[in-house]
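Here are my notes on this one, with an eye to the empty spaces and the packing around them. Have the structure open while you read.

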Amino acid sequence: MIELKCLWAALVAYVFAGSISIVAVTLKKRPERTVLGLMVLGLLLHTISIAMRWERLGHGPFITLFEILSSNVWSMMVAFALAYWRIPPIRPSAAVVMPVLFMVMGWLIMTNPGEGHLPPTYHTIWLYIHIGFGKVFFGGVLVALGISGVILARRTAFGASRFERLPEDKRLAELSFRCMAIGFVFETLMLIAGAIWAQDAWGRYWAWDPLETWAFLTWLVLAFSLHARFTLKLSPRAGSILVVAVFIVAFLTFFGVPFISTSAHKGAV
């Protein structure tokens, strides 16, 4: 189908963008316009693919594993492409972020693009609000991960010379935690919207099912990292380690728990 061809073409554009970014950091080159152009091209093709599937099936990309992975790759690319465009000093962080996206894209390629069943509980605007807030949250944490990865890479012989033209670690750490703060706001809104949706769908606001528990755990870890940043006066390196820890917990919440849990959050119910 045309929608799948557009998706595969988008993934190829993302791979070229990421590969060029990694090679550019290694060789100390700056093909930033080319990378941004490929990201935008990939996003346009990916948007067309998602829109065509949405129109054909009559529901958004949040039912099957294939749809969930595709929409998350799209939202992560949107978040990072915006940061790449608007904050030029952090562009070399693409060498950190894109391998994460490669991993999710590889998973996407191996999944079945078949159709799924839309549960009655998904017929609510609160689902869209809940998912939208979650994608903004994860996008903010992804950008923070890229910046923090640069700070940590500078501690190595390889990274010290290849990231030398970026701002000092203190400035990068500040940018990273601003992204984390944005993520915290939107995760809080995500939890609130999710509770309202759960009340409409299952007659309860909160039930401590596995995904709810992990989402709350992610919120606590993120809140702790922000609190530690401003009260303990963490060094850029220590703060970056916390960012990596938050991302790992968030990644497991987004891409681990929903696919092994038997709770109502899992696919068609």
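Into which domains is the chain divided? The points below start there and then move to the pockets, a helix pair and a cavity.

1. Domains. This is a predicted model, and its chain splits into domain 1, covering 1-108, and domain 2, covering 119-269. Their C-alpha centres sit 19 Å apart. Domain 1 puts 31 residues into the contact, and domain 2 puts in 31 residues as well.

2. The largest pocket. If you want a place to start looking, try this one: the largest pocket holds about 570 Å³ of space. Its lining counts 25 residues, and Trp74, Ser75, Gly132, Lys135 and Val136 are the ones nearest the centre. Two or more lining residues come from each of helix H2 (32-57), helix H3 (65-86), helix H5 (125-153) and helix H7 (169-202). H5 is the top contributor, giving eight residues.

3. Where that pocket lies, and what lines it. Why does the largest pocket lie between domain 1 and domain 2? Because both domains give residues to its lining. As for chemistry, the lining of the largest pocket breaks down into 18 nonpolar, six polar and one charged residues.

4. The second largest pocket. Here you get about 190 Å³ of space. The lining of the second largest pocket has 17 residues, with Ala24, Val25, Lys29, Pro92 and Arg165 nearest the centre. The elements that supply two or more residues to it are helix H1 (2-27), H2 and helix H6 (157-162). H1 gives the most, with three residues.

5. Charge in the second pocket. The lining of the second largest pocket has eight charged residues, along with seven nonpolar and two polar ones. Domain 1 and domain 2 both give residues to this lining too, so the second largest pocket lies between them.

6. H2 against H3. Two packed helices are described by the angle between their axes and the distance between the axes. For H2 and H3, the axes come within 10 Å and cross at roughly 145°. The crossing of H2 past H3 is left-handed. On the H2 side, the contact residues include Val35, Leu36, Met39, Leu43 and Ile50; on the H3 side they include Phe66, Val73, Trp74, Met77 and Phe80. By class, this contact of H2 with H3 has 15 nonpolar, four polar and three charged residues. Note Trp74 here: it belongs to the H2-H3 contact, and Trp74 is also among the residues nearest the centre of the largest pocket.

7. Cavities. How many cavities of 30 Å³ or more does a search of the whole structure find? It finds two. The second largest cavity contains about 80 Å³ of space. Its lining is made by Glu3, Leu4, Leu7, Ser49, Ile50, Arg53, Pro61, Phe66, Glu67 and Ser70. H1, H2 and H3 each give two or more residues to that lining. The second largest cavity's lining is made up of five nonpolar, two polar and three charged residues.

8. Shared residues. One last thing to click on: Ile50, Arg53, Phe66, Glu67 and Ser70 line the second largest cavity, and Ile50 and Arg53 of H2 and Phe66, Glu67 and Ser70 of H3 are also among the residues making the H2-H3 contact.

Notes:
Residues numbered from 1 in each chain as written. Predicted model: local features only at pLDDT ≥ 70, side-chain atom pairs only at ≥ 80, totals over all residues. Heavy atoms only, no water. 1 Å grid on protein atoms, 1.4 Å probe; cavity = no way out; pocket = protein on both sides within 12 Å on 5 of 7 lines; lining within 4 Å. Points joined across faces, edges and corners; volume = space filled by probe spheres on them. Helix = DSSP H or I, 4+ residues; strand = E, 2+ residues; numbered from the N terminus. Nonpolar A, V, L, I, M, F, W, Y, C, P; charged D, E, K, R; others polar. Domains from an automatic or database assignment. Axes fitted to C-alpha atoms, helices over the stretch in contact; angles between N-to-C directions. Left-handed = near helix turned anticlockwise from the far one by under 90°. Contact = heavy atoms within 4.5 Å.
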